[in-house]
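User: Hi! I'm new to reading protein structures. Could you walk me through this one?
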Amino acid sequence: MRKKTGHCTLCDEPVYEVRTTWPEGHPYAGEPRELGAAHEGTMKLGFALTGGSTVELTFCEPCSHEASGNLVKIWQRCLATQAYEIRNITKIGTKPRTKTEMFQLVSSNMKLAQQVPLGVLYQRKWVEIRSAMKTEIR
Ligand SMILES: [Zn+2]
């Protein structure tokens, strides 16, 4: 099963305020379209991938402690998300994707499928990231 925008990568618990949702008939009907602030306890986890790159994913607080033991499940959910987007691509947004955009998306999915996560690199509370961002802006 794929992960959903604005939800925990592992358990589907909402981790952000939802400002608007996608309308009926859309492939993401009822799911968040526009996100507000992160909930208290929302976590960002960085993962090291076998290809040498890193990826950052969002979790609820309880699942952030379970991530290391669920690497395969987490990755399957990420790949399923991209596969869903590829299947529904012409329906998402206001205009169909070009062949080049489609090729880039499929390539990205194949690349991700080959680079499984090795482990958790770091964990940060979303609230701390936001306050760090505010400090940099000033
Ligand atoms: Zn969770």
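Analyst: Happy to! One idea to start with: the expected span of a helix is 1.5 Å times one less than its number of residues. Helix α3 (residues 99-114) has 16 residues, so its span should be 22 Å, and its end C-alpha atoms are 23 Å apart, which agrees. Keep in mind that this is a predicted model.

User: Is α3 buried or in the open?
Analyst: Largely in the open, because the number of buried residues among its 16 is 0.

User: OK, and what's in the whole protein?
Analyst: The protein has 4 helices and 5 strands. Starting at the N terminus, the order is β-β-β-β-α-α-α-β-α. Of its 138 residues, 16% count as buried.

User: Where is the confidence lowest, and where is it highest?
Analyst: The lowest is in helix α4 (residues 126-137), with a mean of 69, and the highest is in helix α1 (residues 61-64), at 97. The average pLDDT of the protein is 88, and 89% of the residues score at least 70.

User: Let's talk strands. Which ones form the open sheet?
Analyst: There are 3 strands in it, in the order β4-β3-β5, with antiparallel pairing. β4 and β5 (117-125) are at the edges, where each has a single partner strand, so one side of each has no neighbour in the sheet. From one strand to the next, the twist averages 30°.

User: How many bridges hold those pairs together?
Analyst: β3 and β4 are joined by 6 bridges, while β3 and β5 pair over 7 bridges. As an example from the β3 and β4 side, Ala48 has Thr54 in β4 as its bridge partner.

User: What about the turn between β3 and β4?
Analyst: That hairpin has 4 residues between the strands, and Gly52 there takes a positive phi near 100°.

User: Which residue other than glycine has a positive phi?
Analyst: Asp12 is one, with phi near 70°. Asp12 sits in the segment before β1 (16-21). It counts as partly exposed because it has 15 C-beta neighbours inside 10 Å, and a residue needs 20 or more to be buried.

User: Got it. So what's in the largest nonpolar core?
Analyst: It has 15 residues, and those touching the most other members are Cys8, Leu10, Leu45, Phe59, Cys63, Ala67 and Ile74. The elements giving two or more residues to this core are β3 (43-49), β4 (54-59) and α2 (71-87).

User: Why would such residues gather?
Analyst: In soluble globular proteins, nonpolar side chains tend to be buried together.

User: Leu45 is on that list. What does it face in the sheet?
Analyst: Leu45 stands opposite Leu57 in β4 and opposite Gln123 in β5. Beyond its neighbours within four places in sequence, Leu45 has contacts that include Phe59, Ala67 and Val120.

User: Nice. Do you have an example of residues that are apart in sequence?
Analyst: Try Pro32 in strand β2 (residues 32-38). Pro32 and His7 are 25 residues apart in sequence, with 8.9 Å between their C-alpha atoms. Setting aside neighbours within four places, Pro32 is in contact with Thr5, Gly6, Val18 and Thr21.

User: Is Pro32 buried or partly exposed?
Analyst: Partly exposed, because it has 19 C-beta neighbours inside 10 Å, and the cut-off for buried is 20 or more.

User: And how about contacts across the whole protein?
Analyst: Among contacts between residues at least 6 apart in sequence, 56% join residues at least 24 apart.

Definitions and conventions: Residues are numbered from 1 along each chain as its sequence is written. This is a predicted model: local features need pLDDT of at least 70, side-chain atom pairs count only at pLDDT 80 or more; totals for chains, interfaces and linings use all residues. A nonpolar core is a set of buried Ala, Val, Leu, Ile, Met, Phe, Trp, Tyr and Cys residues joined through C-beta atoms within 7 Å. A residue is buried if 20 or more other C-beta atoms lie within 10 Å of its own, exposed if 12 or fewer, and partly exposed in between; C-beta atoms are placed from the backbone. Two residues are in contact if their C-beta atoms, placed from the backbone, lie within 7 Å. Two strands pair if DSSP finds at least two bridges between them. Axes are lines fitted to C-alpha atoms, for helices over the stretch in contact, and angles run from 0 to 180 degrees between N-to-C directions. pLDDT is the predictor's confidence in each residue, from 0 to 100.
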